[in-house]
Amino acid sequence: MKSNDVSTWERLAVKDPYFGVLSDRKYLGRDLTGDLRAEFFESGVAYIDVLFKQLESTLGTIFSPERSLDFGCGVGRLLIPLASRSRQACGVDVSISMIKEAKKNCAAANATNVTFSTSLQELLDEGASFDLVHSFIVFQHIPVEEGYEAFLKLLKLLGPGGVAVLHFPYAKHHWSHDLAYWMVRYIPLAKNFLNLFTGRGFFYPRAQMNNYDLNRLFRIAYEFGIKTCSTRLIWDEGGLGAVITVRTD
């Protein structure tokens, strides 16, 4: 990511790491305790449970990956339950502070089979490969051209018969949402006044929200050699998204 994008996530990680992962106001604050903390991490367990059921339905067999990767792992909400289903798991995040928090959470959950990296290229250079590559509500925060590059790198990290499950937003709910994000990106101080309107501080860090061209993603996958692909469309408060599942031969 560009340096200003890294800076945004570092600031979020220091101030509100859990809100940076799930943008619900109840998760604002540096630390979560008690029932709120349990709820946050239980939501990750529930998500991974559904993910594996969907994969097993698609693959027609029990899915037990040896090595799994969670791209944009944040504080470990999905990484920890993913590690419980894998012999080894790797969390990738651009923010060193997010990784620091994730390491604490993995230790608390006794997830000792987890490693971390800040770079997909670093993993490629090491010759790493994975049976499962996963990412959810992450690509929307990445500058689009860098996102396409990251998509290809994730495909390259798949081992033989490996599966990638990756979420990409492709449209906002309404044209007014596109206008708002355009103003935040190109008009000076627009994001600051939007912060005030939404009850945050004037200088509160605001992550990018980007859409992707699904045709371009499919072309990248095809040119890489992917022959097996399925798409599930989802709708949430962030807009319209597609969860793309691909499998290598």
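Let's start with the sheet. Seven strands form it, and it is open. The order is β3-β2-β1-β4-β5-β7-β6, with mixed pairing. At the edges sit β3, residues 114–117, and β6, residues 228–236; each of them pairs on one side only. From one strand to the next, the twist averages 15°. Keep in mind that this is a predicted model.

Now take β1, residues 67–71. How many of its five residues are buried? Four, so call this strand mostly covered, with under 20% relative accessible area as the cut-off for buried.

Who are the neighbours of β1? On the β2 side, β1 pairs with residues 88–92. The sense is parallel, over five bridges. One bridge to look for: R67 has Q88 as its partner in β2. Between these two strands comes helix α4, residues 79–84, and β1, α4 and β2 together make a β-α-β unit. Its hand is right-handed.

Then the β4 side. β4 covers residues 130–135, runs parallel to β1, and is joined to β1 by three bridges. Here S68 stands opposite L132. Follow L132 onward: V163 in β5 stands opposite L132 too. β4 and β5, residues 158–171, pair in the parallel sense, again with a bridge count of five.

On to the aromatic rings. The count comes to 12 aromatic pairs. Take Y18 and F40. Their centres are 5.1 Å apart, with 80° between the planes, and that is edge-to-face. Why does this pair deserve a look? Y18 lies in helix α2, residues 17–21, and F40 in helix α3, residues 34–59, so the pair ties together parts that are 22 residues apart in sequence.

Are these rings buried or exposed? Y18 counts as buried, because its relative accessibility is 1%. F40 is buried as well, at 0%. F40 also pairs with F41, edge-to-face, at 5.1 Å centre to centre and 80° between the planes. F41 has a relative accessible area of 15%, so F41 is buried.

Which rings form a cluster? F71, F139, Y148, F151, F168 and Y212, linked by ring pairs. F71 belongs to β1, the 67–71 strand from earlier. F168 falls in β5, residues 158–171.

Last, charges over rings. R85 places its charged end over the ring of F52, 4.6 Å from the ring centre. K227 does likewise over Y222, at 5.7 Å from the centre of that ring.

Methods: Residues numbered from 1 in each chain as written. Predicted model: local features only at pLDDT ≥ 70, side-chain atom pairs only at ≥ 80, totals over all residues. Heavy atoms only, no water. Buried < 20%, exposed > 50% of the residue type's maximum accessible area, 1.4 Å probe, protein only. Pairing = 2+ DSSP bridges. Right-handed = clockwise from strand over helix to strand, strands pointing away. Axes fitted to C-alpha atoms, helices over the stretch in contact; angles between N-to-C directions. Phe/Tyr/Trp six-rings, centres within 6.5 Å; stacked < 30°, edge-to-face > 60°. Lys NZ or Arg CZ within 6 Å of the ring centre and 35° of its normal.
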